[in-house]
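Let's take a walk through this protein together, starting with the sheets and ending at the surface. Please have the structure open and ready to turn.

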Amino acid sequence: MSDSTWDESKLMVYVISDSIGETGELIAKASVKQFDTKDFAIKRFPYTNTVEQVKPLLEDAAKHKRALVVYTNVDKDTRAYMKQKECELNLHMVDVMGPPMDEIQSILGYEPMRQPGLIRRLDDNYFKKVEAIEFAVQYDDGKDPRGVVKADIVLVGVSRTSKTPLSMYLANKLYKVANVPLVPEVPVPKEVYQKDKRRLFGLVANSDKLYTIREERLRALGLNSSAKYANVDRIKEEVDYSVQIMKDIGCTIIDVSNKAIEETAEIINDYMVSRF
């Protein structure tokens, strides 16, 4: 709970940071949640780097009996000033970055860089992740078979075997994933047959599981559950067809009936690591 209303009856948490302050706010929220109270307010003061910026905030906090200052600043002079004011103004303060940095310094034997916001700097992995997510969106659900050619991983399976969420999860692991639905009436793109078999994964689920999922999906859409999409015989036909296609293309088959997305992703990642 974050509230911009400040009064004497509330626990008032000042989150001061030389970056965006997200880390300090998360720690403050997690700490307050351990107490059975809704009577608190958290306010973030981002990009507060200098003594001049910090000074009025500490003086304001000192006016309140129930104030806590949580700070993640790394600049040496600013931190020294805050330590000094903690005693002078009799403030309750939590230094989030100091103790971990001090311990790491004692282990490594040299000073930290003390540069604000390093954790949020855009690095190579960030751009790769964005590229992989955009790829998964572009080549979701067989939209364009050219994605099969360019993909690190290709997922095939009938509807509701978690192809799309699994594609997105693997994209966050930096894999470019294309997924192709298997429908008896729709020919499988030739690109799937031409793909390196080591990169092909077939997702299967038992008919009962698919029936339940599809029925719930239809209800959520306000559609009649008697539709062909959730017909038991139709689902069995689709599953049998998909297994035959998977055998024809020579892909690795994974039964996702009782697996979480994370578990399936880990299985695929293990295969990829061992194969390449």
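What handedness does the β-α-β unit made by E5, helix H7 and E6 have? The unit is right-handed, with helix H7 covering residues 163-171. Before we go further, please keep in mind that this is a predicted model.

## The sheet around E5 and E6

E5 and E6 belong to an open sheet of 4 strands, which runs in the order E6-E5-E7-E8 with parallel pairing. At its edges lie E6 and strand E8 (252-255), each of which pairs on one side only. From one strand to the next, the twist averages 25°.

Let's zoom in on the pair that frames the helix. Strand E5 (residues 153-157) runs parallel to E6, and 5 bridges join the two. Isoleucine 153 has valine 177 of E6 as its bridge partner, while leucine 155 is matched with asparagine 179 in E6. Is strand E6 mostly covered or mostly open? Strand E6 (residues 177-181) is mostly covered, with 4 of its 5 residues buried.

## The sheet around E1 and E3

There is also an open sheet of 4 strands in the order E2-E1-E3-E4, and its pairing is parallel. Here the edge positions go to strand E2 (40-45) and strand E4 (92-95), each pairing on one side only. The twist in this sheet averages 20° from one strand to the next.

Inside this sheet, strand E1 (residues 11-16) and strand E3 (residues 67-71) are parallel partners over 5 bridges. To find the register, look for valine 13, whose bridge partner in E3 is leucine 68.

## Salt bridges

Side chains of opposite charge can pair when their charged atoms come close. How many salt bridges does the model hold? The count comes to 15. One of them joins arginine 44 and glutamate 25, with 2.3 Å from N to O. This pair ties together distant parts of the chain, since arginine 44 sits in strand E2 and glutamate 25 in helix H1 (residues 22-32), 19 residues apart. Arginine 44 is partly exposed, at a relative accessible area of 32%, whereas glutamate 25 counts as buried because its relative accessibility is 10%, under the 20% cut-off.

Lysine 85 and glutamate 88 form another salt bridge, their closest N and O atoms lying 3.0 Å apart. These two residues are 3 residues apart in helix H3 (residues 76-88), so about one helical turn separates them. Lysine 85 is buried at 14% relative accessibility, and glutamate 88 is partly exposed with a relative accessible area of 48%. Aspartate 196 and arginine 198 also meet through their side chains, at 2.8 Å from N to O. Both ends of this bridge are partly exposed: aspartate 196 has a relative accessible area of 30%, and arginine 198 has 38%. For a network of salt bridges, turn to Glu185, Arg214, Arg234, Glu237 and Glu238, which are linked together.

## A nonpolar patch on the surface

Which residues form a nonpolar patch on the surface? They are Ile104, Ile107, Leu108 and Tyr110, and together they have about 470 Å² of accessible area.

Tyrosine 110 lies in the loop between helix H4 (98-108) and helix H5 (124-138). Tyrosine 110 counts as exposed because its relative accessibility is 53%, over the 50% cut-off.

Technical notes
Residues numbered from 1 in each chain as written. Predicted model: local features only at pLDDT ≥ 70, side-chain atom pairs only at ≥ 80, totals over all residues. Heavy atoms only, no water. Patch = residues over 30% accessible without salt bridge, like charges linked within 9 Å, V, L, I, M, F, W, Y side chains within 5 Å. Areas by Shrake-Rupley, 256 points an atom, 1.4 Å probe, with all protein chains shown as cover. Salt bridge = Lys/Arg side-chain N within 4 Å of Asp/Glu carboxyl O. Buried < 20%, exposed > 50% of the residue type's maximum accessible area, 1.4 Å probe, protein only. Pairing = 2+ DSSP bridges. Right-handed = clockwise from strand over helix to strand, strands pointing away. Axes fitted to C-alpha atoms, helices over the stretch in contact; angles between N-to-C directions.
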